[in-house]
Amino acid sequence: MDSSDAGSPFDKLPPELICAICDHLDLEALKAMSLTCHRLEQICANQCAHRFFLCIPGNRLAFHSYQLGRIAEKVEETAILLKTTKRRYRRVHLDVRYEPEADSVEHMQAVHDKQLLQQLAVLKLDLPALSGNLAVHLSDAVARMDCLLELDICYRHQLTNVNLPLSSDLKLINRSLHNLSLDCVWPARIDCPNMQSLVVKGPFDIEAIVGNQYALHGVREPYWKLKHIKELVITKHLHSHPFPDSSTLAASYRVQFYRQLKQLKKLYYSDNGASDWILQTICESCVQLELLYFLVLEVEDRNSLRFLSNLNNLRELNILSARNVISFAGVRLPNLKRLLLDFVEIYWPPVEGFDSIEWLKITAFPWQEKQICDLFAGPLNRLRFLWIKLSIDLELSWYRNIFAALTKLPALKTLVLHNMPSLNHLNVMKPLLQLTKLTVQLSFGSDGTTVPVEVPKLVPNVERIKICADKELEKVRWNKNVASVPKI
């Protein structure tokens with residue numbers, strides 16, 4: 001027999017398929033499998049060991065479902081397993097979710113276990129309080145976790161009564177940490193040289209507070225070292241505390257904050273509203289941005305988007321809502337691939353800087369018919385995915401003209417029609433021979449979910465038309481081998 005034919009057929013399986021098989025094995029079976037040969041050992045070590053998670057308890061809201069003794073016992077059993085096992089797990093996930101006394105450190109004893117410290121990769125803590133000895137013990141534990149990749153600390157509180165200090169005994173110093181998430185927690189110091197992502201949620205003004213550090217100390221970062229991070233998520237609570245200094249001084253601190261984040265590539269700005277000067281500051285300071293998200297854009301000048309032209313590397317722009325009409329006039333984004341605009345009214349003048357866009361989501365208003373038709377007739381030659389959120393009061397002639405304009409998009413493969421009042425409107429669709437996927441989200445109270453018989457002829461390359469009724473996906477599907485679809 002040829003040597004190439006020797007061995008088990010299992011050896012010829014690709015690693016991805018073996019990992020899929022491993023997903024169905026329990027811990028003991030996975031350990032046994034990894035001991036059979038060097039190849040399976042490597043696959044299990046690199047891709048499967050992350051399945052060993054220690055979650056206490058599984059439900060983040062079930063704070064009272066476990067007694068402290070049961071949790072401590074479970075953690076102790078896991079620590080013993082880690083000491084006696086022959087396999088060194090690459091990822092251990094400790095998710096502490098219970099309610100000790102305010103200054104209790106009992107639940108940190110497991111974290112201090114040497115074996116656990118050496119292997120812990122993910123640590124998530126839900127705490128009713130973070131002060132005194134607890135902060136000191138947590139600081140010491142985090143500093144000794146050599147494999148820690150993700151740290152998530154949540155301080156549970158009542159927002160109406162929250163009174164968070166702007167400094168504490170908590171110091172997060174770790175060389176291996178990649179992702180840090182803080183929910184209503186404000187460490188006195190953050191020094192993680194390999195940190196890539198920072199998520200900050202709470203009622204405080206991170207931009208002004210940390211910006212004050214740069215205003216006082218220049219390029220030095222004695223408290224929070226953030227200059228090297230690549231991703232930043234800012235989520236402010238509705239009951240946010242304003243910065244104690246004057247608004248003018250706080251504004252200058254925010255400018256200092258963004259001027260230091262020159263390595264930032266992803267910014268999620270989930271504040272109550274981004275003003276003109278915030279947008280300008282971000283675009284002039286964080287010029288390496290590849291993704292920019294605004295929860296609410298609150299600009300007064302409709303042409304404020306012109307500052308986006310500074311972001312030559314921007315690949316995705318997402319604006320969930322805008323208080324006023326905005327315009328992309330004069331905006332040049334040569335590498336923009338995705339433009340996602342939800343509750344945003346755009347003034348669409350003739351545009352020339354959109355030729356790179358492949359994904360586009362817009363809201364269509366009745367008075368924008370000509371602007372949108374002109375947009376589709378413009379330089380969108382690479383557009384592959386189009387999502388149109390429709391107004392329910394659009395006339396049939398509006399659909400006829402927009403569908404005619406869609407024929408001018410040569411690369412369009414996927415079309416989503418959101419909030420459509422009737423499937424009969426598809427009868428005025430022009431043939432879209434290049435289209436391969438069509439999804440229709442019906443509005444509330446639509447007049448039926450039966451696809452007109454003539455529609456499949458207009459989109460011959462679409463394998464199925466996905467109908468979403470009342471926010472229930474895929475309730476009805478049209479298959480090219482079936483002439484009609486029954487009503488729900």
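Ser443 counts as buried in this predicted model, its relative accessibility being 6%. The residue lies in the loop that connects strand 19 (437-442) with helix 12 (455-458). Once residues up to four places away in sequence are set aside, the contacts of Ser443 are Ile392, Asn419, Met420 and Pro421.

Burial was also considered for the chain as a whole. Of the 488 residues in the protein chain, 50% are buried. The accessible surface of the chain amounts to about 23500 Å², and carbon and sulfur atoms account for 51% of this area. The secondary structure comprises 12 helices and 21 strands. Among contacts in the chain with a separation of 6 or more, 63% are made between residues 24 or more positions apart.

The largest nonpolar core contains 113 residues. Within this core, the residues that touch the most other members are Leu308, Phe328 and Phe376. Helix 11, spanning residues 396-406, makes the greatest contribution to the core, supplying six residues. A second core, separate from the largest one, consists of eight residues, among them Cys22, Leu30, Leu40 and Cys44. With residues up to four places away in sequence excluded, Leu308 is in contact with Leu279, Cys283, Leu292, Leu317, Phe328, Val331 and Leu333. Phe328 thus appears among the contacts of Leu308, and both residues belong to the trio that touches the most other members of the largest core.

Strand pairing was examined for strands 9, 10 and 11. Strand 9 (residues 231-236) and strand 10 (residues 266-270) run parallel and are joined by five bridges. In this pairing, Tyr269 of strand 10 is the residue opposite Ile234. Strand 10 also runs parallel to strand 11 (residues 291-297), to which four bridges connect it. Here Lys266 has Leu291 of strand 11 as its bridge partner. Strand 10 is accordingly paired with strand 9 and with strand 11.

Aromatic contacts were then assessed. A pair of aromatic rings is described by the distance of the centres and the angle of the planes. Eight aromatic pairs are found across the whole structure. In one of them, the ring centres of Phe365 and Trp367 are 5.1 Å apart and the planes meet at 20 degrees, so the pair is classed as stacked. The two partners fall into opposite accessibility classes: Phe365 is buried, at a relative accessible area of 17%, whereas Trp367 is exposed, with a relative accessibility of 54%.

Trp398 and Tyr399 form an edge-to-face pair, with 5.8 Å between the centres and 80 degrees between the planes. Both rings belong to buried residues, since the relative accessibility of Trp398 is 3% and the relative accessible area of Tyr399 is 2%. Together with Phe403, Trp398 and Tyr399 make up one aromatic cluster.

Charged side chains are also placed over aromatic rings. The charged end of Arg338 is positioned over the ring of Trp359, at 3.8 Å from the ring centre. In a further case, the charged end of Lys361 sits over the ring of Trp387, and the distance to the centre of that ring is 4.4 Å.

Technical notes
Residues numbered from 1 in each chain as written. Predicted model: local features only at pLDDT ≥ 70, side-chain atom pairs only at ≥ 80, totals over all residues. Heavy atoms only, no water. Pairing = 2+ DSSP bridges. Helix = DSSP H or I, 4+ residues; strand = E, 2+ residues; numbered from the N terminus. Core = buried A, V, L, I, M, F, W, Y, C linked by side-chain atoms within 4.5 Å. Buried < 20%, exposed > 50% of the residue type's maximum accessible area, 1.4 Å probe, protein only. Contact = heavy atoms within 4.5 Å. Areas by Shrake-Rupley, 256 points an atom, 1.4 Å probe, with all protein chains shown as cover. Phe/Tyr/Trp six-rings, centres within 6.5 Å; stacked < 30°, edge-to-face > 60°. Lys NZ or Arg CZ within 6 Å of the ring centre and 35° of its normal.
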